[in-house]
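Grab the viewer and a pencil. Here are a few exercises, each with a worked solution to check yourself against.

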Amino acid sequence: MDQPWRSWQSRAVVSFLWAPAAALVMAQPALASRLQLWRLNPATNQLEIRTERGVQPRAELVYNPTRLVIDLPGVVLGSPPITQNYSGAIRQVRVAQFDPQTTRIVVEYAAGFTIDPQQVRFRGVTANNWLVQLPPPQQQTVSLPTPPPPSPPNPPPVTPTEPLQMRSWRADATGFLVLADRPLPAGSYTLRRLRPDRLEILLSNSELIRNFGPRRLELRRFGRDRVRAEVRSQSNRQVQIILDIDPQEADWQITPRNDGFVIVPSTTAITPPPPQRPGVIPPASAQTPVTTIQRVDLGGRELLIQGDRTVFYNVGWEGNRYRIRLRQAQLDSQVREPYLATGSPLSRIEFRQEDNQTVSILLTPAPNFRILGPRPLSAESFVVQIQGVNDSAASAPTPIEIPPTATTQPVPRGRFVVVIDPGHGGNDPGAVGIGGIREKDIVLDVGLQVAQFLQQQGIQVIMTRTADIELDLAPRVAIAERARANAFVSIHANAISLARPDVNGLETYFAPGRSSRLASAIHNSILNSLNIRDRGVRSARFYVIRNTSMDSTLVEIGFVTGAEDAANFQNPAWRTQMARAIAQGILNFLNGR
């Protein structure tokens, strides 16, 4: 299928494109792929590229004159630079060795012509054969720019008089997230260590909303350490947060967010998402940003692995070693292999940065210990569980502390089984939308959080996938049938042409001839909780809801190609709110509401 490349704005590039190439070709790497063929058909505006081995093209549009620049990383030209002249809107194509490991192809347009960058399409016939469909060239109209009106003088900054409204908070695998009506202003808090085992955070011009809850939280880090926190409303619009911590632990820090702030140990890095580069077409694979692995800690018989964004992993054995392969990941420079004391369940831990996007962690169990496997804590973290061979069966994992909403009605434990099915995964990214966001990443994050909310209400949850793995449709149905589930919920994100960013909203589906009660319960819960356009509850013959015997629904939680929905997808707080709404809808269905 053609991949439309979106969210790249025009930008001017003034640096010269070409560097002397003759010496660079001599330094080509031994395993580099060669450019075998390139050809342009001006009549169809199609460029074909063929390389010796697989490649992921990168491209951007530059101006003065208008040029489409395509880089082929890991590819050498193996010949002097090539220039091919044309008549018409495309003036020239140049091919040269940009650096020792990159071949660059430049399609230059004649003066007065440009192209619409949103209409450029890459299609991978095979991993080493790409077709680039160029849009029809457009003639530019030249007009004198209108000078902007003079800017009014900058008014003095206004200090907000309304107090910061703290709405809720929760604990995750690392620290505490406090949600508020706006970011925590700089200088509006003090943090001090009252004694070795206690921290105080005092927030000025702040208050708790009436139904803020709970007032106490407990953070359980990789199954062993506990940090207790309590929030108290003070007089004079002050809020106090008290943390009871390990006396040996370093200080903690506060980092503002768009929707409040987080409280984490000072050894935990909070990395904001990188700014988007205007004018850049996403790579041909439309990959998400690389996850930085910030923590690998051994606590008791659990190994915690924590990233700064969604962690994609698979596991297996290499001889007597257990391999955790983290894809789209790199190790933080501060991460060190955990110290293994006498009696540790592991005899060795080894880190490997296989390449710039793959990290392997190899675990060798100590005698009389065995590795059970991974258990997800959140989209950004998971633990690998270890057990002594003489131990009793491992107890059920404790769900993460996430406070339920006031409207949540618990369901008796063990009464219901729900299967949550995050769509796509692995080599199947699903829909790819604005900014290169991928459906499989969004729905996995939301699905994991839905499972956490349901588990806290006593529901037995089975996930069809908890990591970035490829899973066909039939196995997803088989998982639900084997579990004899009471409900099956498949979570997806919608897409349409990038030329229609105005199309946004929620769609929920049920199979023809089947009950729509589950679909309607989830749909209504989402509409009651989030500001999202309503595109209705519909019937459709999707495989997973048509072939499951229990109540089933497929939820399209928004459009990755929609301007409103794509912005929401990139907001972690919005994804959590969506997950909570889906979970509440499932509970409403199970309770007969």
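Keep in mind that this is a predicted model.

**Exercise 1. Find how β11 is linked to β12, and work out which strands pair with β12.**

Step 1: Start with the connection. β11 runs into β12 by way of a hairpin of 2 residues.

Step 2: Check the pairing. Strand β11 (residues 121–126) and β12 are antiparallel, with 5 bridges between them. To get the register, look for G124, whose bridge partner in β12 is W130.

Step 3: Now try another partner. Strand β3 (residues 46–51) also pairs with β12 in the antiparallel sense, over 5 bridges. Here E48 sits opposite L131 of β12.

Step 4: Ask how covered β12 is. In this strand (residues 129–133), 4 of the 5 residues are buried.

**Exercise 2. Lay out the open sheet that contains β36 and β39, and place the helices that pack on it.**

Step 1: Write down the strand order. The sheet has 6 strands, β35-β34-β36-β39-β37-β38, with mixed pairing. β35 and β38 are the edges, each pairing on one side only. Neighbouring strands are turned by 20° against each other on average, ignoring direction.

Step 2: Zoom in on one pair. β36 and β39 are parallel, over 7 bridges, and A487 has D551 in β39 as its bridge partner.

Step 3: Add helices. α2 packs on the sheet by touching β34, β35, β36 and β39, and its direction makes about 145° with that of β36. Helix α3 (residues 473–483) touches β34, β35 and β36, at about 170° to the direction of β34.

**Exercise 3. Which residues of α4 are buried, and what do they pack against?**

Step 1: Size up the helix. α4 (residues 517–529) has 13 residues and spans 18 Å from first C-alpha to last, close to the 18 Å expected.

Step 2: List the buried residues: L518, A519, A521, I522, H523, S525 and I526. Residues three or four places apart in an α-helix point the same way, because there are 3.6 residues a turn.

Step 3: Find the neighbours. The buried residues of α4 pack against β36, β37, β38, β39 and α7.

**Exercise 4. Which element gives the most to the largest nonpolar core?**

Step 1: Find the core. The largest one has 44 residues, and I420, V450, L454, I526, I582 and I586 have the most contacts inside it.

Step 2: See who contributes. Elements supplying at least two residues each include β34, α2, α4 and α7. The answer is α7, with 10 residues.

Step 3: Inspect one residue. I586 touches V418, I420, V450, L454, V489 and I522, leaving out residues up to four places away in sequence.

Technical notes:
Residues are numbered from 1 along each chain as its sequence is written. This is a predicted model: local features need pLDDT of at least 70, side-chain atom pairs count only at pLDDT 80 or more; totals for chains, interfaces and linings use all residues. Side-chain values use heavy atoms; hydrogens and water are left out. The expected span of a helix is 1.5 Å times one less than its number of residues. Buried means under 20% relative accessible area, exposed over 50%, partly exposed in between (1.4 Å probe, protein chains only). Contact means heavy atoms within 4.5 Å. Two strands pair if DSSP finds at least two bridges between them. A nonpolar core is a set of buried Ala, Val, Leu, Ile, Met, Phe, Trp, Tyr and Cys residues joined through side-chain atoms within 4.5 Å. Axes are lines fitted to C-alpha atoms, for helices over the stretch in contact, and angles run from 0 to 180 degrees between N-to-C directions.
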